[in-house]
Amino acid sequence: MEKIIVANMKMNLHFDEVNNYLNEFKNYNTSGLVFCPTSIYLPYFLNSNYEVGIQNYAMYENGAYTGEISASQVKSMNINYAIIGHSERREYFEETDNIINKKIKLGLENNLKIILCIGETLNHKENNQTNEILKKQIVEGLKDIKDINNIIIAYEPIWSIGTGLIPTNDEIYDTTNFIKEEINRLYNKDIMVLYGGSVTDENINVLSEINNLSGFLVGGASLKPDKLKRIKETIIY
Ligand code: PGA
């Protein structure tokens with residue numbers, strides 16, 4: 001099974017730190033790693049020939065949208081991946097499933113590989129609503145989309161992001177299976193599912209035993225090259 005590690009660097013690192021970061025990956029085999037730095041740093045990662053993704057793009061095609069970046073501009077830079085629907089975008093930027101759906105359609109039209117993030121809150125989990133909420137995010141996020149060949153799903157429990165709390169391997173396995181079954185029911189196709197939420201070089205050994213995952217989405221730990229390398233080497237050899 002093809003595996004990837006997606007480094008979601010969020011709104012972190014200043015330019016001098018980015019230069020140091022890139023230096024740490026010189027002469028390192030980065031295959032399988034997808035770097036998603038803050039957008040203004042993307043060209044530096046592209047110049048190093050690394051696989052990259054953007055953390056977000058506009059819900060509009062192009063034109064007078066000050067401060068925004070379009071999916072076609074992303075593609076024109078040879079950026080292949082995009083993270084869409086991250087819970088931080090849903091929460092702080094009020095992205096609804098409808099907005100996420102519009103963005104995914106624009107991304108697919110431009111041949112981007114979309115990493116669609118879905119996940120439940122602690123409240124959903126405690127009320128046994130995890131599958132219900134994930135199903136809603138899948139069905140509405142992918143509404144009217146016929147071809148899912150370029151879709152990857154990242155399962156990220158919101159209560160696990162940046163908290164150090166992680167579901168058990170069995171829980172992640174079962175939820176991943178549920179996501180795959182839902183996609184199979186809708187599209188009759190298998191899909192890559194990643195897990196994200198407090199993944200570190202310390203818990204990756206245990207997480208690597210979950211055999212239905214196609215990789216991981218790594219936030220905080222991706223900011224430290226040595227940690228990211230250890231995570232990658234545990235999953236991709
Ligand atoms: P974290 O973030 O690894 O810092 O929990 C993951 C994410 O938000 O993608």
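So, when I say nonpolar core, I mean a set of buried Ala, Val, Leu, Ile, Met, Phe, Trp, Tyr and Cys residues joined through side-chain atoms within 4.5 Å. Keep in mind that what you're looking at is a predicted model.

Okay, the core. The largest one here has 61 residues, and those with the most contacts inside it are Phe35, Phe45, Tyr57, Ile104, Leu142 and Phe216. Helix H8, residues 169-187, gives the largest share of this core, with 5 residues. There's also a second, separate core of 13 residues, with Val6, Tyr81, Ile152 and Met192 among them.

Back to Phe35 for a second. Leaving out residues up to four places away in sequence, Phe35 touches a list that includes Ala7, Tyr21, Phe25, Phe45, Tyr50 and Leu228.

Now, helix H5, residues 97-109. Does the length add up, and why? At 1.5 Å a residue, its 13 residues should span 18 Å, and the end C-alpha atoms are 18 Å apart, so that agrees. The buried residues of H5 include Ile99, Ile100, Ile104, Leu106 and Leu108, but also Asp97, Asn101 and Lys103. And what covers them? Among the covering elements are helices H3, H4 and H7, plus strands S4, S5 and S6. Just after H5, Asn111 takes a positive phi of about 60°.

Last bit: how H5 sits against H7. Their axes come within 8 Å and cross at roughly 45°, which makes H5 oblique to H7. The crossing is right-handed. On the H5 side, the contact is made by Asp97, Asn101 and Ile104; on the H7 side, by Lys136, Gln137, Glu140 and Gly141.

Methods
Residues are numbered from 1 along each chain as its sequence is written. This is a predicted model: local features need pLDDT of at least 70, side-chain atom pairs count only at pLDDT 80 or more; totals for chains, interfaces and linings use all residues. Side-chain values use heavy atoms; hydrogens and water are left out. Buried means under 20% relative accessible area, exposed over 50%, partly exposed in between (1.4 Å probe, protein chains only). Helices (H or I, at least four residues) and strands (E, at least two) are DSSP runs, numbered from the N terminus. Contact means heavy atoms within 4.5 Å. The expected span of a helix is 1.5 Å times one less than its number of residues. Axes are lines fitted to C-alpha atoms, for helices over the stretch in contact, and angles run from 0 to 180 degrees between N-to-C directions. Angles under 35 degrees count as roughly parallel, over 145 as roughly antiparallel, 65 to 115 as roughly perpendicular and the rest as oblique. A crossing is left-handed if the near helix is turned anticlockwise from the far one by less than a right angle, and right-handed if clockwise.
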